[in-house]
Amino acid sequence: MARFAELAVCAAALLLAVAVGGAAAQGVGSVITQSVYDSMLPNRDNSQCPASGFYTYEAFISAAAAFPSFGTTGSADDVKRELAAFFGQTSHETTGGTQGAADQFEWGYCFKEEITPTSPPYQGRGPIQLTGQSNYQLAGDAIGVDLVNNPDLVAQDAVVSFKTAIWFWTTAQGNKPSCEDVALNRWTPTAADTAAGRVPGYGVITNIINGGIECGKGQNAANVDRIGYYTRYCGMLGTDTGSNLDCYTQQNFAS
């Protein structure tokens, strides 16, 4: 009888492990379904958008699968909040919206690269607008693609494009935590961070991405746009935004 009970417990544990593994295997697709993706980004395939037809749902799901922690870690609210934050930031980076318009926060993923090329050719591309040779080198090394010699691939291959964005999101660099760690409330500010006004919340993710331009400068339209997208997505996914949404008074990480 005891042996039977022991086997029953083992079987139950195995079933639980399979169930948890199954949920993890579904990944972001269990939260960001095709219909949710379409509702979040209703104008991504608008003929007015240079990226029309590029950012497919299939490409997003394929890229996300290469980063097992992305959109699968923590509680249900943690997962939703991370994904809302990711799409909030990347929607701003690629927005085609008009400031103050009723549909301002419905134009994410309209662009896939900066309009004006730079020399050397490492201008912003993809959902996160990957910028600079160093980032192209690091991202390419991480995903196994030579992006230094072929940077245009980030604007030509949607899976590669999404992978560069998720790589940036999940990777800490220098004195910056990863966006993912901040979104999941796993980041503990150092004494230097505290002195610089950098506190846990969506605002410090903006600081990680573009702090030198947008942070420590008071209220500004770019911050407002990032927050607007994030707030919309949190509402769509059924989670709260948390606190400290802006970086108006934060010093950037380079200061």
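**A walk through an all-helix model**

Gln-129 counts as buried because its relative accessible area is 12%; buried means under 20% relative accessible area, exposed over 50%, and partly exposed in between, found with a 1.4 Å probe and the protein chains only. The structure is a predicted model, in which local features need pLDDT of at least 70 and side-chain atom pairs count only at pLDDT 80 or more, while totals for chains, interfaces and linings use all residues. Residues are numbered from 1 along each chain as its sequence is written, and side-chain values use heavy atoms, with hydrogens and water left out.

Confidence comes next. The mean pLDDT (the predictor's confidence in each residue, from 0 to 100) is 92 for the protein, and 90% of its residues reach 70 or more. Residues 1-25 have pLDDT below 50, and beyond near neighbours in sequence this stretch has one contact in the model; a contact means heavy atoms within 4.5 Å. Where pLDDT is low, the predicted coordinates should not be read in detail.

The protein has 10 helices and zero strands, which gives the pattern α-α-α-α-α-α-α-α-α-α along the sequence. Helices (H or I, at least four residues) and strands (E, at least two) are DSSP runs, numbered from the N terminus. Of the 255 residues, 44% count as buried. Among contacts between residues at least 6 apart in sequence, 64% join residues at least 24 apart. The protein exposes about 11600 Å², and carbon and sulfur atoms supply 56% of that area; accessible areas come from the Shrake-Rupley method with a 1.4 Å probe, and for residues only the protein chains shown count as cover.

The interior can be followed through the largest nonpolar core, which has 62 residues. Such a core is a set of buried Ala, Val, Leu, Ile, Met, Phe, Trp, Tyr and Cys residues joined through side-chain atoms within 4.5 Å. The residues with the most contacts inside this core are Ile-32, Tyr-37, Phe-60, Phe-70, Phe-86, Phe-87 and Ile-205. Two or more core residues come from each of α2 (34-40), α3 (57-64), α4 (76-93), α5 (133-143), α6 (158-170), α7 (179-183), α9 (202-214) and α10 (221-237). With eight residues, α6 gives the most. In soluble globular proteins, nonpolar side chains tend to be buried together. Within the core, Phe-60 is one residue to look at: leaving aside its neighbours within four places in sequence, Phe-60 is in contact with Val-28, Ile-32, Tyr-37, Phe-70, Phe-86, Phe-87 and Phe-162.

One of the helices that contribute to the core is α10. Its 17 residues should span 24 Å at 1.5 Å a residue, and its end C-alpha atoms are 24 Å apart, which agrees; the expected span is 1.5 Å times one less than the number of residues. The buried residues of α10 include Asn-223, Asp-225, Arg-226, Tyr-229, Tyr-230 and Leu-237. Their cover includes α2, α4 and α9. After α10 comes Gly-238, whose phi is positive, near 80°.

The loop between α4 and α5 holds Tyr-109, Pro-120 and Gln-129. Tyr-109 is not a glycine, yet has a positive phi of about 70°; Tyr-109 counts as buried because its relative accessible area is 0%. Gln-129 has a positive phi of about 55°, although Gln-129 is not a glycine either. A cis peptide bond, with omega about 0°, joins Ser-119 and Pro-120. Another loop, between α2 and α3, contains Pro-50. The C-alpha atoms of Pro-50 and Tyr-109 are 9.4 Å apart, although 59 residues separate them along the chain. Not counting residues up to four places away in sequence, Pro-50 touches Cys-110, Phe-111 and Lys-112.

Side chains of opposite charge can pair when their charged atoms come close. The whole structure has 11 salt bridges, each being a side-chain nitrogen of Lys or Arg within 4 Å of a carboxyl oxygen of Asp or Glu. In one of them, Arg-44 meets Asp-45 at 4.0 Å, N to O. Arg-44 counts as buried at 9% relative accessibility, whereas Asp-45 is partly exposed at 41%. A network of salt bridges links Asp-38, Arg-44 and Asp-45. Arg-186 pairs with Glu-180, their closest N and O atoms being 3.7 Å apart. Here Arg-186 is partly exposed at 42%, and Glu-180 counts as buried at 3%. Asp-193 and Arg-198 form a salt bridge at 2.9 Å, N to O, and both of these residues are buried.
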